[in-house]
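Colleague: I have some bench questions about this protein. Could you walk me through its model?

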Amino acid sequence: MKLNYRRTFLIGLAFLSISAFWQMYDNIIPLMLQGTFNLGETITGVIMAADNVLALFLLPIFGSLSDKVDTRMGKRMPFITGGTILAVIFLMILPAADKMVNLVLFVISLFILLISMGLYRSPAVALMPDLTPNKLRSKGNAIINLMGAVGGVYTLIMIKLLVGKGEHPDYTPLFISVAALMLISIGILVITINEKKVKAKVDAEVKAYEESAGVIVETEDMVEDRGEKTPMPKEVKRSMIFLLASIFLWFMAYNAVTTAFSRYTKVVWKMEGGGFADCLMVATVAAIISYIPIGNISSKIGRKKTILGGVVLMSICYFAAIFANAYHPIINIAFAVIGIGWAAINVNSYPMIVEMSKGCDIGKFTGTYYTFSMTAQIFTPILSGFLLENVSYRTLFPYALFFSAAAFLTMMQVHHGDARPDKKKSVLEHFDIDD
């Protein structure tokens with residue numbers, strides 16, 4: 001069996017549209033809340049944390065619902081198309097409410113927008129495994145992640161080009177560009193991918209492969225049913241606890257920076273318009289480029305050392321940023337290093353969770369992984385926002401440095417799950433990470 005690259009790239013359009021939206025949400029919504037409605041950092045942090053609070057409830061619900069429905073469009077497509085249309089409608093209300101300085105309309109629209117995005121994120125992610133044979137899902141997930149990165153870079157470019165200078169720029173052109181990308185992406189997906197027909201075709205291909213090869217391709221359920229689950233040893237559980245604590249801590253650091261960066265550059269570095277997008281774009285591209293060398297490094301020195309190296313790189317950059325009083329092109333180098341460090345962490349942390357939970361309940365600990373990362377993303381905008389508002393904007397990078405250093409200390413206590421990953425069979429598999 002070979003991966004159908006054309007089909008997988010088309011399926012990835014759903015994740016591309018999602019990533020494009022969240023890139024704009026994280027960077028522009030805080031500017032609108034403060035620049036137009038004069039909200040404090042703490043309240044802004046609370047609002048910015050709302051998406052993660054909703055996600056804890058909405059993603060499992062709509063993911064489960066999409067497993068059960070059966071329509072002419074398939075299981076996932078109704079959620080993807082309906083969610084996208086709703087999201088675009090309420091997305092375009094936001095710049096109008098911003099111009100009207102109508103906080104009530106803005107918050108209500110934002111709340112419904114976040115629900116709309118939650119409605120189709122899980123179905124969109126599940127579409128690729130549904131339409132890809134089990135043995136090819138690693139390459140498929142790599143393509144999905146690449147498409148997501150393209151969506152994020154697109155938005156950063158649009159921010160750079162379309163956000164004007166001044167205290168209250170017109171964000172309408174930016175919102176139109178992102179909304180257009182979302183509609184065009186999902187439109188192409190719906191036109192080119194007939195979910196039910198593709199699913200039937202893939203199932204037939206798998207069956208034919210099994211018959212010709214004389215083998216049975218195992219499903220996840222078959223693997224799970226092969227033997228009883230064993231309790232996790234006490235020493236492994238200790239490592240798991242420290243790894244989960246590390247995940248929480250480095251998300252506390254990184255998400256604080258990404259959420260507040262657009263405001264920080266405006267207040268501390270006196271940057272105007274969308275100039276801040278350069279740094280974030282450099283970090284994103286550097287992360288993408290570094291996946292392959294990081295995969296090779298991990299296979300030689302192990303996952304734990306690679307993660308610790310990533311944490312050190314990010315900590316050094318957070319420390320250096322403390323002393324930056326104005327933007328200088330050299331700052332882009334620091335953000336490239338941050339991107340590399342973040343990639344080193346992301347490529348290896350989830351596989352360590354899986355390695356430690358083998359023979360136990362992988363599904364349970366996968367859920368726990370996301371619970372810790374999302375909980376950090378709920379708390380850190382609020383806590384860091386409180387410090388920005390009541391102490392100083394200068395607290396942002398010391399805050400990130402503190403939690404990054406704490407993550408290094410807890411990660412030092414992790415002594416399991418450090419198997420050296422096998423060498424990847426193809427270049428694409430280096431991009432197979434869990435988001």
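Modeller: Happy to; here are questions and answers on the fold, the helices, the core and the charged pairs. This is a predicted model, in which local features need pLDDT of at least 70 and side-chain atom pairs count only at pLDDT 80 or more, while totals for chains, interfaces and linings use all residues. Residues are numbered from 1 along each chain as its sequence is written, and side-chain values use heavy atoms, with hydrogens and water left out.

Colleague: How many helices and strands does the chain have?

Modeller: Helices (H or I, at least four residues) and strands (E, at least two) are DSSP runs, numbered from the N terminus. By that count the chain has zero strands and 15 helices.

Colleague: What share of the residues counts as buried?

Modeller: Buried means under 20% relative accessible area, exposed over 50%, and partly exposed in between, with a 1.4 Å probe and protein chains only. Of the chain's 435 residues, the buried share is 53%.

Colleague: What distance separates the end C-alpha atoms of helix α4?

Modeller: The expected span of a helix is 1.5 Å times one less than its number of residues. Helix α4 covers residues 77-100, so its 24 residues should span 34 Å. The model agrees with this, the end C-alpha atoms being 35 Å apart.

Colleague: Which residue with a positive phi follows α4?

Modeller: Look just past the end of the helix. The residue there has a phi near 55°, and it is Val101.

Colleague: How many disulfides are there?

Modeller: A disulfide is counted when a pair of cysteine sulfur atoms lies within 2.5 Å. Cys279 counts as buried because its relative accessibility is 0%, and Cys317 is buried too, at 8%. A search of the whole structure gives a disulfide count of zero.

Colleague: Which residues touch the most other members of the largest nonpolar core?

Modeller: A nonpolar core is a set of buried Ala, Val, Leu, Ile, Met, Phe, Trp, Tyr and Cys residues joined through side-chain atoms within 4.5 Å. The largest one has 123 residues, and those touching the most other members are Ile28, Ile29 and Trp250.

Colleague: What does Ile28 touch, leaving out residues up to four places away in sequence?

Modeller: Contact here means heavy atoms within 4.5 Å. Two of the partners, Leu174 and Phe175, are among the buried residues of α7. The full set is Ile159, Val163, Tyr171, Leu174, Phe175 and Phe276.

Colleague: Is Glu41, which forms a salt bridge with Arg263, buried or exposed?

Modeller: A salt bridge is a side-chain nitrogen of Lys or Arg within 4 Å of a carboxyl oxygen of Asp or Glu. In this pair the closest N and O atoms are 2.3 Å apart. The bridge links distant parts of the chain, with Glu41 in helix α3 (residues 41-68) and Arg263 in helix α10 (residues 234-267), 222 residues apart. Arg263 is buried at 5%, and with a relative accessible area of 3%, Glu41 is also buried.

Colleague: Why are Asp203 and Lys199 separated by about one helical turn?

Modeller: These two form a salt bridge, with the closest N and O atoms 3.6 Å apart. Asp203 is partly exposed at 41%, and Lys199 is partly exposed at 34%. Their separation is about one turn because both sit in helix α8 (residues 195-213), and their spacing is four residues.
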